[in-house]
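Student: I have a protein model open and would like to learn how to read it. Could you take me through its features one by one?

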Amino acid sequence: MNILIPFISGLGMFIYGMQIMAQGLENAAGNKIKKLLEILTNNKFMGVLLGALITAVIQSSSATTVMVVGFVNAGIMNLQQAMCIIMGANIGTTITGWLVSSVEWARPVTLAPIAIMAGVIIVLTQKRYATKELSNIIIGFGLLFVGITTMSGAVEPLKDLEAFCNLFVVLGKNPLLGILAGALVTAIIQSSSASVGILQSLAAAGLVPFHAAIYIIMGQNIGTCITAIISGLGANKNAKTAGLIHLLFNIIGTAIFSIVAISYISIFQPSWAYGSISQTEISLVHTIFNIATTFLLFPLSNQIIKIASKLGHVSSESDNASEIMLDIRMLQTPAIAIQIVASEMKRMIEVIERKHITFNGNYGETRFRENKVYKEFRKTSKPYG
């Protein structure tokens with residue numbers, strides 16, 4: 001209990017700090033995030049960059065993929081665009097790992113209590129909305145580092161327990177067990193960033209060998225797909241397929257790099273695998289894995305979409321424009337939700353316009369276009385015309 005209670009407390013502070021910091025960043029960047037629909041084109045490379053950027057801001061690949069499921073379900077994103085955003089999200093999620101590992105080379109943990117106190121003072125003394133969002137970012141930053149330090153300190157005594165150390169040795173010797181362990185923990189807490197943070201706290205205590213960390217990280221990328229799969233349960237077939245794309249992408253990447261890791265360790269560096277891994281090395285492995293997977297599978301995106309479509313029983317991506325709907329998943333990102341409401345209003349105006357022309361002819365069309373409400377909406381509904 002002396003280990004478990006401080007560890008759980010540290011984990012709680014870490015996750016909560018990560019959440020409020022991400023929320024503060026997201027709200028502060030709200031106007032820029034609203035432009036997502038403007039720059040979302042069929043350019044695959046732009047889609048990957050966009051997915052990485054949005055995930056880096058909200059610090060959760062799970063949240064990004066839930067948004068993607070909502071976009072596809074609402075009919076405003078096709079599966080090709082969804083695939084690109086998902087690939088970028090895998091890269092963007094590595095930013096949290098680098099924040100955590102910075103304790104080894106930048107020592108931000110010494111500033112964490114000061115950051116929390118400064119943030120609290122801002123909350124209590126300032127009334128401006130923008131300033132309060134800044135305070136959330138500062139407080140979240142402080143809590144994140146206090147949490148990871150608490151977790152690392154709590155597990156320090158475990159390095160003297162031979163049974164616990166042997167557990168990671170077993171996970172390293174058996175890649176499948178390591179991958180399953182990483183996937184299971186991540187699926188339970190539904191956050192690969194938090195799961196990587198836990199692994200880094202154990203690594204800080206010298207408990208994690210290199211080869212075990214590699215397989216656990218790969219499993220974490222698979223486990224994070226559970227959120228998108230669950231989100232797609234009440235959605236249409238295309239949206240469910242978007243969740244399957246995320247799962248397939250990470251499974252294929254894990255299969256490829258597991259073979260590479262096993263071959264490299266057994267042939268070139270058998271002794272190196274048993275050495276302890278540092279927090280920075282975990283961040284490096286996580287980043288290399290996600291960037292390399294994206295680089296390798298980027299040319300195969302159409303094939304992955306076809307496989308996912310077959311598994312999801314999707315015969316065609318074409319959706320009737322009249323079936324476009326508002327999706328409750330978008331409420332997780334208010335800035336984007338507002339933009340989608342504007343898009344839906346514009347579509348409703350066009351439907352009304354078509355009906356009016358059909359029943360009233362050219363005279364009805366002229367009268368409709370002279371309507372003050374219609375004119376005002378056209379002025380304020382950019383970029384939708």
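Student: How many helices and strands are there in the protein?

Tutor: There are 19 helices and 0 strands. Helices (H or I, at least four residues) and strands (E, at least two) are DSSP runs, numbered from the N terminus. The model is predicted: local features need pLDDT of at least 70, side-chain atom pairs count only at pLDDT 80 or more, and totals for chains, interfaces and linings use all residues. Residues are numbered from 1 along each chain as its sequence is written, and side-chain values use heavy atoms, with hydrogens and water left out.

Student: What percentage of the residues count as buried?

Tutor: Buried means under 20% relative accessible area, exposed over 50%, partly exposed in between (1.4 Å probe, protein chains only). Here 49% of the 385 residues count as buried.

Student: Which contacts join residues at least 24 apart?

Tutor: Contact means heavy atoms within 4.5 Å. Take the contacts between residues at least 6 apart in sequence: 81% of them join residues at least 24 apart.

Student: How do I describe two packed helices?

Tutor: Use the angle between their axes and the distance between the axes. Axes are lines fitted to C-alpha atoms, for helices over the stretch in contact, and angles run from 0 to 180 degrees between N-to-C directions. Try helix 6 (residues 79-92) and helix 16 (residues 279-297): their axes come within 8 Å and cross at roughly 160°. So helix 6 is roughly antiparallel to helix 16. The cut-offs are under 35 degrees for roughly parallel, over 145 for roughly antiparallel, 65 to 115 for roughly perpendicular, and oblique for the rest.

Student: Is the crossing of helix 6 and helix 16 left-handed or right-handed?

Tutor: A crossing is left-handed if the near helix is turned anticlockwise from the far one by less than a right angle, and right-handed if clockwise. Helix 6 and helix 16 cross in the left-handed way.

Student: Which residues of helix 6 and helix 16 meet?

Tutor: Met87, Asn90 and Ile91 of helix 6 meet Asn290, Ile291 and Thr294 of helix 16. This contact has 3 nonpolar, 3 polar and no charged residues. Ala, Val, Leu, Ile, Met, Phe, Trp, Tyr, Cys and Pro count as nonpolar, Asp, Glu, Lys and Arg as charged, and the others, Gly among them, as polar.

Student: At what angle do helix 10 and helix 13 cross?

Tutor: Roughly 65°, with the axes of helix 10 (residues 162-173) and helix 13 (residues 210-223) coming within 7 Å. That makes the two helices roughly perpendicular. Their crossing is left-handed. Phe168 and Leu171 are among the helix 10 residues in the contact, and Tyr215 is among those of helix 13. The contact holds 6 nonpolar, 2 polar and 1 charged.

Student: How do helix 15 and helix 17 pack?

Tutor: Helix 15 (residues 237-267) and helix 17 (residues 301-311) pack at about 125°, with axes 9 Å apart. They are therefore oblique to each other. The crossing is right-handed. Its contact residues are 10 nonpolar, 2 polar and no charged.

Student: How many residues of helix 12 are buried?

Tutor: 12 of its 13 residues, so the helix is mostly covered. Ser192, Val196 and Leu199 are among the buried ones. Just after helix 12, Gly206 takes a positive phi of about 75°.

Student: Where is Pro334?

Tutor: Pro334 is in helix 18 (residues 334-369). Its relative accessibility is 39%, so Pro334 counts as partly exposed. Its C-alpha atom is 8.5 Å from that of Asn27, although the two are 307 residues apart along the chain.
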